[in-house]
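Me: I should like to learn how the features of a structural model are read, one at a time. Please give the general idea first and the particular case afterwards.

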Amino acid sequence: MKKLSIFITCLVCAIGSAQNINDVLRFSQENLQGTARYQAMGGAFGALGGDLSALNNNPAGSAVFNHGLFTMTGSNYNRDNTSNYFGTSRNLDFNTSELNQIGGVLVFNNSDDEADWNHFSIAFNYDLVENFDDRTQVEGRSNQGIDSYFLAFANGLPLEEIVLDDGELIERVYEDIGANPNNPFAFDDQQTFLGFQGGIIDPVTNENTNTTYIRNASYSEVAQRFTQITSGYNAKYTINVATQYQKKLHLGASINIHDVFYEQIDLFTESGYDDDSAISSTTFDNLLRINGGGFSLGLGSILKINETVRLGASYQSPTWYRLTADTSQELNSDFAQRNPDIIFINFNNAVNLFETYTLKTPGKLTASMALIFGKRGLLSVDYDYQDFSSSKFSRRDNPEFINTANSEITEALTGVSTVRVGGEYRIQRFSLRGGYRYEQSPYVNGTTVGDLTGFSGGLGYDFGGSRLDLAFSRAERTTNLQLFDVGVTTPAIVDRVNTNISLGYTLNF
């Protein structure tokens with residue numbers, strides 16, 4: 001059989017590839033990042049301050065500084081993902097390293113010792129709040145073939161809308177389907193067109209009015225391999241101002257600017273059809289890229305009750321993102337009947353143009369308490385709450401699709417509570433640190449993405465005018481990875497373990 005290969009590139013956004021719940025969680029959730037000290041203590045800094053990454057918890061934290069400083073941190077990220085799919089287990093381990101934090105603060109002390117406002121601080125900090133570099137592999141024998149994916153979109157679509165006229169270019173038809181602003185189901189129709197032209201599905205009859213399709217592959221079960229490769233970042237630049245009142249009340253505000261890039265490559269291979277099947281192997285690969293930026297605001301306070309007890313409260317506004325996406329698809333099958341004289345078809349010029357879309361991720365409320373035991377140590381606890389169901393998409397050119405996506409978010413996602421606990425104990429110039437954090441699932445069902453648990457530890461050495469910090473953190477959660485949105489719907493159970501090792505240097509001035 002001759003091999004039929006279809007490769008379609010859609011610049012900007014193919015409807016259905018982005019603007020879904022995955023987008024919400026991708027840009028709302030944050031891994032434990034920041035300075036090495038911050039990571040070692042589990043990020044429990046809401047009532048402590050005195051650390052540049054603590055500005056993520058409470059903007060009043062920079063008012064705790066008594067002098068200026070500069071901090072930078074590098075981290076090694078290990079991603080260890082173990083999947084189970086129809087009884088077959090696969091493990092994939094991946095490492096990457098980044099300069100994940102750099103920033104500084106300037107402190108302006110009031111020379112009047114009797115003044116109520118004691119000092120004022122200005123801080124700037126860069127944090128890699130999420131590193132998207134990851135690898136996951138899934139393998140097993142399934143009774144749901146990739147034809148089920150295309151059939152889920154196909155039935156109901158007239159054959160005349162996906163058949164080429166004489167001399168008509170495939171890429172032009174694909175482009176026209178996706179570029180129709182009056183068609184809220186453009187992505188669905190494009191998948192039907194792709195499955196038909198790739199020979200995966202066929203109409204029941206050859207009449208133009210036909211709306212029913214069948215598979216060209218026969219099987220009871222098929223061998224499937226799915227590899228997902230992600231890369232990119234969510235970087236946050238924070239500009240912060242804070243002040244101290246009567247050496248007891250700390251107040252602060254921040255403006256956060258986000259720069260995001262995300263790339264996801266899904267590689268799918270299917271084989272093991274029956275001997276008499278018209279198709280013996282299929283590959284279906286998808287690429288998604290998302291670029292954009294966003295901004296958010298933060299307000300916070302820290303109250304020093306006495307020399308031992310501090311209380312903190314803060315509000316992080318929703319983050320408003322403005323994003324664009326581009327997608328590519330490649331389908332390969334050895335079905336020769338569709339275009340027997342064509343071995344390879346390349347659609348690099350097929351373009352879908354859609355408007356930039358916006359995403360509002362949920363705001364966050366944080367309450368904190370810290371106990372300071374003189375110069376010997378401290379204990380800190382943070383509690384966060386975010387309502388993920390309040391996330392919203394907006395896009396002017398396709399309100400029907402956006403309304404559907406927002407309804408799914410409201411129904412599927414829920415409020416999330418997060419608890420972080422951290423402690424530090426000082427022995428002369430050495431500091432020993434530890435932390436724990438727990439984050440609830442953002443899903444109503446509690447299983448699509450499970451609860452997260454993590455622990456951390458580290459140590460620091462104070463040279464007097466500078467400090468060196470080392471941290472180790474580990475977080476684990478289980479997710480259900482569905483290979484495709486429809487058709488192939490039995491999820492792989494993936495146990496994800498993220499381990500960070502970070503080294504930071506702080507210079508006081």
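Me: Is Phe-86 buried, partly exposed or exposed?

Reply: This is a predicted model, and burial is read from relative accessibility, with under 20% counted as buried and over 50% as exposed. Phe-86 counts as partly exposed because its relative accessibility is 38%. The residue lies in the loop between strand 2 (69–85) and strand 3 (88–109). Its backbone deserves attention too: Phe-86 is not a glycine, yet its phi is positive, at about 50°.

Me: Which value does phi take at Lys-247, and where does that residue lie?

Reply: Phi of Lys-247 is near 55°, again a positive value in a residue other than glycine. Lys-247 is found in the loop between strand 8 (222–245) and strand 9 (249–271). With 55% relative accessibility, Lys-247 counts as exposed.

Me: How should the buried residues of a helix be read, and which residues of helix 6 are buried?

Reply: An α-helix has 3.6 residues a turn, so residues three or four places apart point the same way. In helix 6, the buried residues are Phe-401, Ile-402, Ala-405, Asn-406 and Ile-409. They lie on the same side of helix 6, because the arc they cover around the axis is only 130°. The face turned away from that buried side carries the exposed residues Asn-403 and Glu-411. As to its length, helix 6 (residues 399–412) has 14 residues and spans 20 Å from first C-alpha to last, close to the 20 Å expected at 1.5 Å a residue.

Me: How many residues of helix 3 are buried?

Reply: Helix 3 (residues 146–154) is mostly covered, with eight of its nine residues buried. Among them are Tyr-149, Phe-150, Leu-151 and Phe-153, together with Asp-147. Just after helix 3, Gly-156 has a positive phi of about 110°.

Me: How are the two faces of a strand read, and which residues of strand 19 point to the buried face?

Reply: One compares the directions of the side chains with their burial. The side chains of strand 19 alternate: Ser-431, Arg-433, Gly-435, Arg-437 and Glu-439 point to one face and are buried, whereas Phe-430, Leu-432, Gly-434, Tyr-436 and Tyr-438 point to the other and are not.

Me: Which strands pair with strand 19?

Reply: Strand 18 pairs with strand 19 in the antiparallel sense over 10 bridges, and Gly-423 stands opposite Gly-434. The hairpin of these two strands has two residues between them, and Gln-428 takes a positive phi near 55° there. Strand 19 is also joined to strand 20 by 10 bridges, again antiparallel; Tyr-438 has Thr-453 as its bridge partner in strand 20.

Me: What does the pairing of strand 12 look like?

Reply: Strand 12 and strand 10 (residues 281–304) pair antiparallel over 14 bridges, with Ala-325 as the bridge partner of Ile-290. Four bridges join strand 12 to strand 14 (residues 357–360), also antiparallel, and Arg-322 has Thr-358 as its partner there. Of the 14 residues of strand 12 (residues 320–333), 10 are buried.

Me: Finally, how is a pocket described, and which residues lie nearest the centre of the second largest one?

Reply: One considers its volume and its lining. The second largest pocket holds about 1,100 Å³ of space. Its lining has 34 residues, and Arg-37, Gly-50, Val-64, Asn-66 and Arg-426 lie nearest its centre. The elements that give two or more residues to this lining are strand 18 (415–427), strand 19 (430–439), strand 20 (452–462) and strand 21 (466–481). By class, the lining residues are eight nonpolar, 14 polar and 12 charged.

Definitions and conventions:
Residues numbered from 1 in each chain as written. Predicted model: local features only at pLDDT ≥ 70, side-chain atom pairs only at ≥ 80, totals over all residues. Heavy atoms only, no water. 1 Å grid on protein atoms, 1.4 Å probe; cavity = no way out; pocket = protein on both sides within 12 Å on 5 of 7 lines; lining within 4 Å. Points joined across faces, edges and corners; volume = space filled by probe spheres on them. Nonpolar A, V, L, I, M, F, W, Y, C, P; charged D, E, K, R; others polar. Buried < 20%, exposed > 50% of the residue type's maximum accessible area, 1.4 Å probe, protein only. Pairing = 2+ DSSP bridges. Expected span 1.5 Å × (residues − 1). Arc of directions from axis to C-beta.
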